[in-house]
Amino acid sequence: MSKTKEKKFIKKARTPKEKALRVLLYVSVIIVSIITLYPYFAMFTTALKSRAEIYAMKGTVFPIEWEWKNFTDIWSLAPLTRYFLNSIIVAGGATAIAIICGIPAAYALSRMKFKGKKFFLGLVIISQMFAPVVLLVGIYKVMSVLHLTDTLLALVFVNAAFNQAFAIWLLRGTFMSISPEMEQAATIDGCNQLQAMIRVLIPVAAPGIVTALIFVFINAWNEYTVALTLISSDLLKPLTVGITVFNGYNMIEWQYLFASSLFATIPVVILFVCIEKHLVGGLTSGGVKG
């Protein structure tokens, strides 16, 4: 008997209950996907409509006339290139600070024993409870004293600070999921503790580091309230605040607002595509108990 026939006999036929559950699973996935993607579909179709068609009494799902020029007009109507650059500087700077500071802090919490370790870890977890909007007045006063209002550096520091706790928590779980024997073997080969961390631990923990990186970047990229409060110069606004230029006093230019919003999602989508294979491993490793 051939191997193919043997597999057919060995393979157990699915029961009607299993088939029904599989169909239910597929239907659920399709429904969730439609609900999740519908806002982007609405943004896309609205971005392709004219102003008159958007404010018409009888609206349509798809544009009657496809206004593709809306996607090019926004670049001349507002300094979107500058807004994009500002957002990249803020998100990239905040991510770099959060990861660079988070790795040694997470390493200390996962590998070292010192007084006040549990207390410090508790403070890290508690700090995630405070949203920036709650501390907005205090943040503005601190930045005023430091003469950092209306600067991108202020946004970099604030975003890094509010994402630091999450980075430490996730990286600590990642480091705890890695066997300490690997670092001990490196020290036997002549590495000190710092060299063992850099050469052994960090490469192995790459999925968790990448996961922390993408979440910090997205949070900093999407931040709006603090940027609206601290930045007053038009050319220093990040993209989230800059695109509100299409919110006029008498009318909102929905076609331009949605077109620019779609462009704003592109960097995040690119990041997700690049690190998607590391994302699941990083999230599961970050859930290890300590």
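## Reading a predicted helical chain

Q: Where in the chain does D150 lie?
A: D150 lies in the loop that runs between helices α7 and α8. Please keep in mind throughout that this is a predicted model, and that every value below is computed from it.

Q: What is the phi of D150, and how should one read its sign?
A: The general idea is that most residues other than glycine have a negative phi. In this structure, D150 has a phi near 60°, which is a positive value in a residue that is not glycine.

Q: Which residue in the loop between α7 and α8 should be read alongside it, H147 being the one I have in mind, and what is its phi?
A: H147 also has a positive phi, of about 60°, although it is not a glycine. This residue lies in the loop between α7 and α8, where α8 covers residues 152–176.

Q: Is H147 buried or exposed?
A: The reasoning rests on a cut-off, since a residue counts as exposed when its relative accessible area is over 50%. H147 has a relative accessible area of 69%, and therefore counts as exposed.

Q: How many helices and strands does the chain have?
A: The chain has 14 helices and 0 strands, and reading along the sequence gives the pattern α-α-α-α-α-α-α-α-α-α-α-α-α-α.

Q: What does the radius of gyration say about the chain as a whole?
A: One sets the value for the chain beside the value for a compact globule with the same number of residues. Here a compact globule of 290 residues would have a radius of gyration near 19 Å, whereas the chain has 25 Å. The spans of the C-alpha trace along its principal axes, about 75 × 70 × 30 Å, can be read together with that value.

Q: What percentage of the residues count as buried, and what does the chain expose?
A: Of the 290 residues, 36% count as buried. The chain exposes about 17800 Å², and carbon and sulfur atoms supply 70% of that area.

Q: Which percentage of the contacts join residues at least 24 apart in sequence?
A: Taking the contacts between residues at least 6 apart in sequence, 74% of them join residues at least 24 apart. W254 can serve as a case: it is found in helix α14, residues 254–285, and, with neighbours within four places in sequence left aside, it is in contact with T46, I54 and Y55. The C-alpha atoms of W254 and T46 are separated by 7.2 Å, although these residues are 208 apart along the chain. W254 counts as partly exposed, because its relative accessibility is 30%.

Q: How is the packing of α10 and α11 to be read?
A: One takes the angle and the separation of the two axes together. Helix α10, residues 193–204, packs against helix α11, residues 206–222, at an angle of about 70°, and their axes are 4 Å apart. Because angles from 65 to 115 degrees count as roughly perpendicular, α10 and α11 are roughly perpendicular to each other. The residues that meet are I202, P203 and V204 in α10 and A206, P207 and I209 in α11, and by class this contact has 6 nonpolar residues, no polar ones and no charged ones.

Q: What is the packing angle of α5 with α10?
A: Helix α5, residues 80–111, packs with α10 at an angle of about 100°, with the axes 12 Å apart, so α5 is roughly perpendicular to α10. In this contact I103, Y107 and R111 of α5 meet Q193, M197, L201 and I202 of α10, and the residues divide into 5 nonpolar, 1 polar and 1 charged.

Q: What are the C-alpha separations of T81 from L109, A206 from Q255 and V137 from T229?
A: Separation in sequence and separation in space are read as two numbers side by side. T81, which lies in helix α5, is 28 residues from L109 in sequence and 41 Å from it in space, C-alpha to C-alpha. A206, which lies in helix α11, is 49 residues from Q255 along the chain, with 41 Å between their C-alpha atoms. V137, placed in helix α7, residues 136–145, is 92 residues from T229 along the chain, and their C-alpha atoms are separated by 9.2 Å.

Q: How do T81, V137 and A206 count by relative accessibility?
A: T81 is exposed, with a relative accessible area of 57%, and V137 is exposed as well, with 58%. A206, at 28% relative accessibility, counts as partly exposed.

Notes. Residues are numbered from 1 along each chain as its sequence is written. This is a predicted model: local features need pLDDT of at least 70, side-chain atom pairs count only at pLDDT 80 or more; totals for chains, interfaces and linings use all residues. Side-chain values use heavy atoms; hydrogens and water are left out. Axes are lines fitted to C-alpha atoms, for helices over the stretch in contact, and angles run from 0 to 180 degrees between N-to-C directions. Helices (H or I, at least four residues) and strands (E, at least two) are DSSP runs, numbered from the N terminus. Angles under 35 degrees count as roughly parallel, over 145 as roughly antiparallel, 65 to 115 as roughly perpendicular and the rest as oblique. Contact means heavy atoms within 4.5 Å. Ala, Val, Leu, Ile, Met, Phe, Trp, Tyr, Cys and Pro count as nonpolar, Asp, Glu, Lys and Arg as charged, and the others, Gly among them, as polar. The radius of gyration is taken over C-alpha atoms; the globule rule is 2.2 Å times the number of residues to the power 0.38. Buried means under 20% relative accessible area, exposed over 50%, partly exposed in between (1.4 Å probe, protein chains only). Accessible areas come from the Shrake-Rupley method with a 1.4 Å probe; for residues, only the protein chains shown count as cover.
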